[in-house]
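User: I am new to reading structures. Could you take me through some of the labels and the reasons for them?

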Amino acid sequence: MKLSIVLSTQPAQFEAVAFKGDFQANVAKIAGMGYDGVELAIRDPSLVNGDELLRSVAAHGLEIPALGTGQAWGEEGLSFTDPDPAVRAAAIERTQSHIPFASRTGAVIIIGLLRGIVRAGVSQDQAMGWLVEALQECCAAAGPHGVRIALEPINRYETTLVNNVKQGMELLERIGAENMGLLLDTFHMNIEDAVIEDSVRACGDRIFHFHVADSNRWYPGAGHIDFGSVLEALHATGYQGFVSGEFMPRPDADAAAERSIAHLRRLDRWSGT
Ligand code: LER
Ligand code: MN
């Protein structure tokens, strides 16, 4: 089982990111803890130096399994479902601007909160229609570069669009693109999905990325999710990707990252298989 953790390349408001701040120091620390990769949260690719990021990460033998895009929503309000067509176009353009770095690193592009929420005066159907069109456009642009896109079902308190894995699978059907899959997050599934393991099994080979946080969004092991059982179900799907820690820096970032990797490694019966 390959383990990564979310690392922000710039200051971020999103609270479930253990590491922000000095990028080089954080990469060194994460590698030292035994992680295999860093999932990078990048608000705007034009504001980061991809060569430098890659150099720092590769110097520590780490991979970059995924790129998070949600800060473009959190900090700038971009979304695929905004009533303003200029905002929707900017969200699509921003997503497509991640393609070159994703192609170089093999990272999946994550669509989390960048999908937006259903705004006042917009019907659910209209918002879903915009979401489908935007993702089709992004998948068409990413496909020739071998880049995959993963939509993350997110709990009802953060968005009104695609809260559970079943809705995510229905969306994939509508998009109909080979390079479109889902990012499953145990924190959201614990709120929205009846049985996490059933959702993992149902998603199967459409699982493009996987986030772990416990029921309280602390590190795995701090709440009541049975990660042994969840990881067993994930492994049974044939998933070969990363299991990526996205949890709050509690009691502090270092302790959370260390306790998470210790808990997950203890449960890992599949390394080397
Ligand atoms: C992002 O991966 C996520 O899980 C969301 O909760 C963002 O708010
Ligand atoms: Mn997540």
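Analyst: This is a predicted model, and the turns below test some labels against their cut-offs.

User: Why is the site of the manganese ion (ligand 2) called octahedral?

Analyst: Start with the donors. The site has six donor atoms, with angles of 70 to 177° among them. Six donors count as octahedral if opposite ones are over 155 degrees apart and all others between 65 and 115. The site is classed as octahedral, so it meets that rule. Ideal angles for six octahedral donors are 90 or 180 degrees.

User: What makes E152, D185, H211 and E246 donors of the manganese ion (ligand 2)?

Analyst: Distance. Their atoms coordinate the ion at 2.1 to 2.2 Å. The cut-off for a donor is within 2.8 Å of the metal, so they qualify. Along the chain, the donors follow the spacing E-x32-D-x25-H-x34-E. E152 sits in the loop between β5 and α7, and D185 in strand β6, so this pair ties together parts 33 residues apart in sequence.

User: How do you know whether E152 and D185 are buried or exposed?

Analyst: Buried means under 20% relative accessible area. E152 has 5%, so E152 is buried. D185 has 1%, so D185 is buried too.

User: Why does the pair between E158 and ligand 1 count as a polar contact?

Analyst: A polar side-chain atom of E158 lies 2.4 Å from an oxygen atom of ligand 1. The limit is within 3.5 Å, so the pair counts. The side chain of R217 has an N or O atom 2.9 Å from a ligand 1 oxygen. For D185 the value is 3.1 Å. The protein buries 91% of the 250 Å² that ligand 1 exposes when taken alone.

How values were computed. Residues are numbered from 1 along each chain as its sequence is written. Chains are lettered from A and ligands numbered from 1 in the order in which they are written. This is a predicted model: local features need pLDDT of at least 70, side-chain atom pairs count only at pLDDT 80 or more; totals for chains, interfaces and linings use all residues. Side-chain values use heavy atoms; hydrogens and water are left out. A polar contact is a pair of N or O atoms within 3.5 Å; within protein, one must be able to donate a hydrogen and the other to accept it, and residues adjacent in sequence count only if both atoms are side-chain atoms. Accessible areas come from the Shrake-Rupley method with a 1.4 Å probe; for residues, only the protein chains shown count as cover. Donors are N, O and S atoms within 2.8 Å of the metal (3.2 Å for Na, K and Ca); water is not among the atoms, so sites may look incomplete. Four donors count as tetrahedral if all angles lie between 85 and 135 degrees; four count as square planar and six as octahedral if opposite donors are over 155 degrees apart and all others between 65 and 115; anything else is irregular. Helices (H or I, at least four residues) and strands (E, at least two) are DSSP runs, numbered from the N terminus. Buried means under 20% relative accessible area, exposed over 50%, partly exposed in between (1.4 Å probe, protein chains only).
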